[in-house]
Structure formats: structure tokens, C-alpha cells
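Reader: Could you walk me through the strands of this model? I would like the cut-offs as we go.

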Amino acid sequence: MTRSVLSVEEVRKAVFEAAELPLSRAITLPPETYVDPGFFAHEADAVLSRGWICLAHVSQLKKSGDYLRLDLLGEPVVVIRGRDGEIRVLSRVCPHRGADILHPVFGGPEEGNEPILVCPYHRWSFEADGALKGCPEMQKAEGFDKKDWRLSSFRSEIWQGFVFVNVSGDAAPLAELYAAFADMIAPWDTAEMEVVIELKWDCDFNWKVMVENWIESYHHLGIHHQTLNTSMPAAMTWTDPEQGHFIRCHLPFNKKTTEKVMEAAAKDAALDGFKPVAGLPLDRQLEWGLYLGLPCFMLLTARDRVIWYRLLPQSEGRCALLTTTLVTRAAMADPDFAETVAAETTMLRDFHLEDMQVNAAMQAGLRSSKVVRGRLSHLEEPIWHIQRYLARSLRVAEPASPSV
Ligand code: FES
Ligand SMILES: [Fe+2]
């Protein structure tokens with residue numbers, strides 16, 4: 001049996017109506033927002049392309065020629081540091097006949113160092129800033145000037161050490177959109193931290209399933225009842241008033257963990273993990289700070305680390321996720337660092353496995369003919385903020401053409 005499916009226009013209307021409700025009457029979005037290819041195409045254009053998507057941290061691209069190959073909303077891109085030290089987001093589409101110059105079929109790694117990018121098809125070669133360097137046997141092409149044939153680039157910005165791309169090219173600057181967010185995370189100085197753990201995950205679920213799971217802590221009392229809920233009970237979590245372009249949640253520790261951290265803070269000592277970040281105010285050490293830079297930049301601040309999740313939405317039912325841990329250079333110089341990384345890699349994996357299970361279960365349920373629009377707990381306030389952001393973003397976009 002199949003449920004009657006709403007058109008994209010009807011889904012838009014339902015999102016607008018949901019966003020108008022007060023938190024005390026909040027309901028979930030229509031299931032089409034998670035499972036319908038037509039709605040995803042509209043959302044990719046109206047929300048994801050027009051927003052800022054985080055692709056990298058500067059510490060992942062230290063040297064000139066260091067690159068990351070990524071696929072973003074159907075665009076093959078390469079994030080690469082040039083000889084001038086600038087990090088750019090370039091298209092991988094060759095300006096000669098259109099080949100993806102780093103397509104996985106050529107067998108190259110997803111990341112590495114290539115000071116010169118060479119298109120394997122006819123060997124046109126490009127500098128790491130996108131300029132055409134060489135092009136064999138083009139001397140008889142009239143009016144051909146190498147300067148006119150660069151790899152295209154996407155608009156990018158570096159914010160707090162993170163490389164973001166705006167595919168549409170017309171978003172407001174991040175310094176404006178995330179201004180208050182930058183102030184909140186300033187004590188961690190993320191531009192000076194380094195990514196020391198990375199784990200890749202292929203996700204068979206919609207990107208909103210992931211960001212909603214990331215930012216609401218109601219589920220601590222469910223899927224994490226034996227893990228996170230023992231130190232950060234769901235009922236103690238709370239959300240800052242609506243900010244517009246990002247969401248901030250507080251996950252305070254329970255009494256026992258608070259006492260442990262206060263004791264360690266008094267001695268400036270490490271607990272189980274890495275050497276703590278120097279100079280953090282005590283109140284910030286006594287909670288996890290959870291952030292969602294809309295649409296999908298996921299960041300968590302803790303006493304000794306920052307956790308960052310990179311999410312690349314791919315289709316209505318798929319996204320590519322990279323979960324990472326960043327620490328200070330002082331923590332990396334600690335004699336026990338290698339051991340700590342090994343232990344914390346296990347922690348990062350286990351931490352996310354419980355969420356992977358519920359996310360997969362969510363997507364399966366959302367595809368069912370029996371799924372209904374559910375009611376939200378006050379602890380799910382960030383989900384209501386996401387709905388309101390989506391509604392604002394969709395409203396400024398052209399309505400989608402009728403779905404087929
Ligand atoms: S398509 Fe790239 S060199 Fe011909
Ligand atoms: Fe979780």
C-alpha cells in the first residue's frame with residue numbers, strides 16, 4: 001500500500017504551516033521532505049546551493065598542492081591549496097571537452113598532493129589555482145589564449161579555520177551570518193586546532209535526519225540511555241533562543257561529572273581524553289556546547305576537543321558523512337598523544353554508531369505508507385528551529401515546477 005504523496009508545492013505549504021506553529025504545538029515535517037526526489041531537488045536549489053556548506057578544515061590541507069576530492073550536489077569539486085597558500089574550491093570539469101579530471105575511474109586517491117592537476121583525457125594540465133598550464137597541440141587553434149581556459153571555481157570562504165563553499169555564489173558572508181557563533185566558539189580558537197581523527201560513513205538517510213539527530217538531545221534518554229545520558233541527561237539539556245543562521249544547544253553535565261571536571265579544572269589537569277584547551281572559562285568546561293551552522297555544519301565543543309561533522313547531502317536518501325576530532329597543538333605534543341588518539345578513535349566511532357542505527361531506522365519509517373506527522377517534545381526545540389530556517393529559505397526561492 002502506498003500513502004498519497006504530496007506535490008512539491010503542497011510540501012512547501014506544509015513546511016510553512018509547521019514553521020508558523022508555536023513550539024508547544026510543533027509537529028514533524030511531511031515525510032516527503034525526507035524521501036521525495038522532487039522535494040530534494042527543490043531543497044538542493046533553494047536551501048543547500050544557496051547556503052554555505054563546510055568542506056574542510058585548514059589543517060587537512062597544510063601544503064601547497066594538498067587536495068580533497070569531493071562531490072557536492074552533483075558537482076565534482078576539488079578543494080586545493082595553491083602555491084600562493086590560498087585554499088580554493090575548484091570544479092573538476094575540464095574546460096577542454098568536459099571530463100571530470102579526477103574521476104574515481106582514474107584510480108587516484110580521494111585526497112593527496114598534486115601541485116599540478118592533469119586531465120588524463122588529452123593531458124591539459126592546471127595549476128593548483130585553476131590556471132591552465134599546458135595543452136598539447138593547440139598551436140593551430142585560432143584565437144586560443146591559455147588565460148581564458150581555467151578550471152572554474154566556486155565561491156569559498158574560510159571561517160574559524162573551516163573552508164566553506166557557497167554554490168550559488170550569492171549568500172551573505174559567513175562573518176555576517178555566523179558572527180555570534182564565532183564569538184561563542186572563540187575560546188577554542190578552532191583555526192589553530194588540527195584534525196587528528198577522521199572517520200568516513202556512507203549514510204542511507206536524508207541529510208535532515210542527520211542534522212536533527214545531531215542537534216536534539218531528547219534522544220539521550222533513548223538510544224544513548226547507557227552512554228551519554230549517564231553524564232548529560234536529556235532533561236537537563238536546553239537551547240538558546242532562535243538565532244536564525246545557527247542553533248546552539250547546551251548539554252550540561254550531571255552532578256557527579258561536574259564535580260569530577262571541577263576538580264580537574266582546579267588543577268588544570270586532563271581527564272580521560274586529550275590535554276585540555278588552555279584558558280576555557282569554567283562554565284564552558286562543565287557542558288558540551290552543541291552547534292548547528294545552518295544548513296549542515298555540525299560542531300561540538302568540549303573541554304579537551306572540538307568534534308566536527310562534515311555532511312555532504314547527495315540525494316533524498318543519501319549523504320556522505322565525515323566525523324572528525326580536532327585538538328590543540330599542545331595536546332598533540334603530549335607524550336601519550338598516540339595512545340589517546342587510538343582510544344578516542346574508538347570513542348568517536350562508538351559515539352556515532354548508536355546514531356547511525358536510529359538514523360537508518362528513521363529513514364525506513366519515513367518511507368512507510370503508515371508514517372504520520374508526529375508531535376515534538378520541548379527538548380526537541382532545535383528541530384523546530386530547523387523547520388523555521390527551512391521555511392524561510394524556501395520562501396525566498398522560486399516555487400518548484402510541478403513534481404513528476
Ligand atoms: S577533456 Fe580534459 S584534456 Fe580533453
Ligand atoms: Fe546521538
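Reader: In what order do the 7 strands of the open sheet come?
Author: The order is β11-β17-β16-β15-β14-β13-β12, with antiparallel pairing; strands are DSSP runs of E with at least two residues, helices are runs of H or I with at least four, both numbered from the N terminus, and two strands pair if DSSP finds at least two bridges between them. β11 (194-203) and β12 (238-239) stand at the edges with a single partner strand each, so one side of each has no neighbour in the sheet.

Reader: And what are we looking at, predicted or not, and how is it numbered?
Author: This is a predicted model, where local features need pLDDT of at least 70 and side-chain atom pairs count only at pLDDT 80 or more, while totals for chains, interfaces and linings use all residues. Residues are numbered from 1 along each chain as its sequence is written, chains are lettered from A and ligands numbered from 1 in the order written, and side-chain values use heavy atoms, without hydrogens and water.

Reader: Back to β12, what stands opposite Trp 238?
Author: That is His 250 in β13; 2 bridges join β12 to β13 (residues 246-252), and the two run antiparallel.

Reader: Switching to β4, how many of its residues are buried?
Author: In β4 (residues 87-91), 5 of 5 residues are buried, meaning under 20% relative accessible area with a 1.4 Å probe, protein chains only (exposed is over 50%, partly exposed in between). Ile 87, Val 89 and Ser 91 point one way, Arg 88 and Leu 90 the other.

Reader: Which residues partner Val 89?
Author: Val 79 is its bridge partner in β3, and Phe 154 in β9 stands opposite Val 89.
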